[in-house]
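Subject: Structure handover

Hello,

Here is the structure for you to look through. My notes on what was found follow below.

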Amino acid sequence: MVATRFIGWLRRYEKWFGITAAVLIAVGLYTALVTSSADYYQGEVVRIMYVHVPFVQTAMFSYFTLFICSIWYLWKREAVVDNACHAAAGLSLFFTAGGLITGSIWGKPTWNAWWVWDPRLTSFAILFLTLIGYLMLRTFLDDKEKGATFCAILAIIGFIDLPIIHFSVEWWRSLHQPLSVSTRGISIASDMMIPLTLMSVGVSILFAYMLMVRTQMLYLEHLLEAKQGRLLSEGAL
Amino acid sequence: MNRFYIRWGVLMVVFGVIGFLGLARYNREVRTISPEVLLGQKTDSEVRVMGMIEAATLEGGVDGAPFRFSLSKAGTKVPVVFSGDDADILRELKTIVAIGRWQAEKGEFQAAEIALTPNYGFIASAYLLSLVPLVFFLFYMERRVAMLYVMIKEEKVYQAEV
């Protein structure tokens with residue numbers, strides 16, 4: 001009953017998230033590629049920032065969502081919440097991979113290296129490996145309920161990496177640039193801040209939309225499996 | 001499902017237009033030509049020439065005197081004069097972009113501005129490798145959900161027992 005209500009809610013509101021994300025990303029891409037200026041030191045290459053930073057932020061935001069959903073699952077034991085965890089993990093892996101790829105491409109012209117064992121990059125790579133481990137664990141365990149519990153515990157333990165990623169550039173000497181927006185102020189020009197904000201907010205809302213769609217997809221696939229008799233009863237969901 | 005494909009069609013058109021505008025800006029403001037092409041065209045309109053500052057050719061810049069150097073690529077050299085004060089990026093053996101006009105009567109390129117090499121291949125790669133998989137991933141998920149709702153609605157899951 002809770003699942004039906006939750007899925008109904010997702011279906012009712014998802015389009016507003018989708019429309020908002022599409023508008024923000026369209027305007028963000030226009031300002032990023034057409035109207036924003038090049039950086040004094042980096043030149044045109046700075047435009048990679050408008051996809052790299054939103055992808056990295058969304059990867060961390062999606063892992064935070066996975067962390068919250070995992071706690072929620074361990075507390076309530078609702079199968080649909082486990083579907084949301086599964087969906088958030090898949091999306092987090094996608095955005096983490098995107099962040100690593102775009103970061104590597106940005107690193108080559110600016111640092112003259114595709115990869116360096118820098119604290120920020122290494123902690124972010126650990127997030128990527130944690131998510132692969134999470135999804136492998138989910139695949140390997142036959143007992144769905146036990147698998148969901150183990151995965152939720154792993155996601156909660158893995159959350160420790162998030163503050164390390166965020167503060168790594170403050171705690172250790174790093175090749176990666178320090179935080180552009182912090183309590184010390186904003187160290188980025190306003191005509192770069194506008195596309196960056198539009199893209200960051202747009203990709204985060206897109207993640208929310210994708211989470212809604214993917215949660216429905218996983219729920220409906222399980223429902224279909226149950227109805228086809230592969231699961232013993234809908235109660236097993 | 002028709003509305004689904006129409007929605008995606010509209011999205012593709014919108015993002016295609018943004019891509020086209022980005023490409024137009026690239027052609028207008030970023031695209032460079034080589035010294036060889038410049039000498040072949042000898043146009044007097046403003047162009048962007050990319051090449052390396054030849055070793056032992058950079059001189060000037062003292063007491064407001066213009067910088068003079070030779071810009072080369074693939075064996076072709078162009079003498080360049082740059083009068084601007086923003087000369088931080090001028091270094092011998094460095095590849096730069098000189099923006100200015102060809103002075104036919106003097107046989108030299110008068111640069112009004114010096115810029116870094118655009119490295120646009122990296123930008124295009126980053127955008128394509130992040131956004132194209134995102135679009136495919138989202139398209140697949142949305143299509144799958146739409147199909148699952150149709151399957152459940154049409155009760156195709158209930159098969160008559162034989």
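Which residue stands opposite B:Ser72 in E2(B)? B:Met52 does.

First, the ground rules. This is a predicted model, with local features requiring pLDDT of at least 70 and side-chain atom pairs counted only at pLDDT 80 or more, while totals for chains, interfaces and linings use all residues. Residues are numbered from 1 along each chain as its sequence is written, chains are lettered from A and ligands numbered from 1 in the order in which they are written, and side-chain values use heavy atoms, without hydrogens and water.

**Strands of chain B**

Helices (H or I, at least four residues) and strands (E, at least two) are DSSP runs, numbered from the N terminus. Strands pair if DSSP finds at least two bridges between them. Strand E1 (residues 47-53) of chain B pairs with E2(B) over two bridges, in the antiparallel sense. E2(B) and strand E3 (residues 76-82) of chain B also run antiparallel, joined by seven bridges. One partnership there links B:Ser70 to B:Pro79 in E3(B).

Strand E2 (residues 67-73) of chain B is largely enclosed by the rest of the structure, because five of its seven residues are buried. Buried means under 20% relative accessible area, exposed means over 50%, and partly exposed lies in between (1.4 Å probe, protein chains only).

E2(B) and E3(B) make a hairpin with two residues between them. B:Ala74 sits in that turn, with a positive phi of about 50°. B:Ala74 is exposed, at a relative accessible area of 75%.

B:Leu93 is another residue other than glycine with a positive phi, near 70°. B:Leu93 lies in the loop between E3 and strand E4 (95-103) of chain B. B:Leu93 counts as exposed at 55% relative accessibility.

B:Thr117 is in the loop between strand E5 (108-115) and H3 of chain B. Contact means heavy atoms within 4.5 Å. Leaving aside neighbours within four places in sequence, B:Thr117 is in contact with B:Met50, B:Thr95, B:Ile96 and B:Val97. The C-alpha atoms of B:Thr117 and B:Lys153 are separated by 57 Å, and the two residues are 36 apart along the chain.

**The interface**

Across the interface, 43 residues of chain A are in contact with 38 residues of chain B. The area buried between the chains is about 3800 Å². Carbon and sulfur atoms give 77% of that area. A:Leu33, A:Glu44 and A:Leu224 lose the most area to chain B on the chain A side, together 15% of what that side buries. Buried area here is the accessible area (1.4 Å probe) that two parts lose on being put together, summed over both.

A:Arg47 lies in the loop between H1 and H2 of chain A. A:Arg47 counts as buried, at 0% relative accessibility. Leaving aside neighbours within four places in sequence, its contacts include A:Leu33 and A:Ser36, as well as B:Arg25, B:Tyr120, B:Ile123 and B:Tyr127.

**Pockets**

A pocket is an open set of points on a 1 Å grid over the protein atoms alone, where a 1.4 Å probe fits, with protein on both sides within 12 Å along at least five of seven lines; lining residues have an atom within 4 Å of a point. Grid points are joined across faces, edges and corners, and a volume is the space filled by probe spheres set on the points.

The largest pocket has a volume of about 1700 Å³. Of its 46 lining residues, B:Trp8, B:Leu11, B:Met12, B:Phe15 and B:Leu138 are the closest to its centre. Two or more lining residues come from each of helix H1 (2-35) and helix H7 (190-227) of chain A, and helix H1 (2-30) and helix H3 (120-153) of chain B. H3(B) gives the most, with 16 residues. The lining divides into 33 nonpolar, five polar and eight charged residues. Ala, Val, Leu, Ile, Met, Phe, Trp, Tyr, Cys and Pro count as nonpolar, Asp, Glu, Lys and Arg as charged, and the others, Gly among them, as polar.

The second largest pocket has a volume of about 960 Å³. Its lining has 34 residues, with A:His52, A:Val53, A:Arg120, A:His176 and A:Gln177 nearest the centre. H3(A) gives the most to this lining, with eight residues. The split is 19 nonpolar, 14 polar and one charged.

Best wishes
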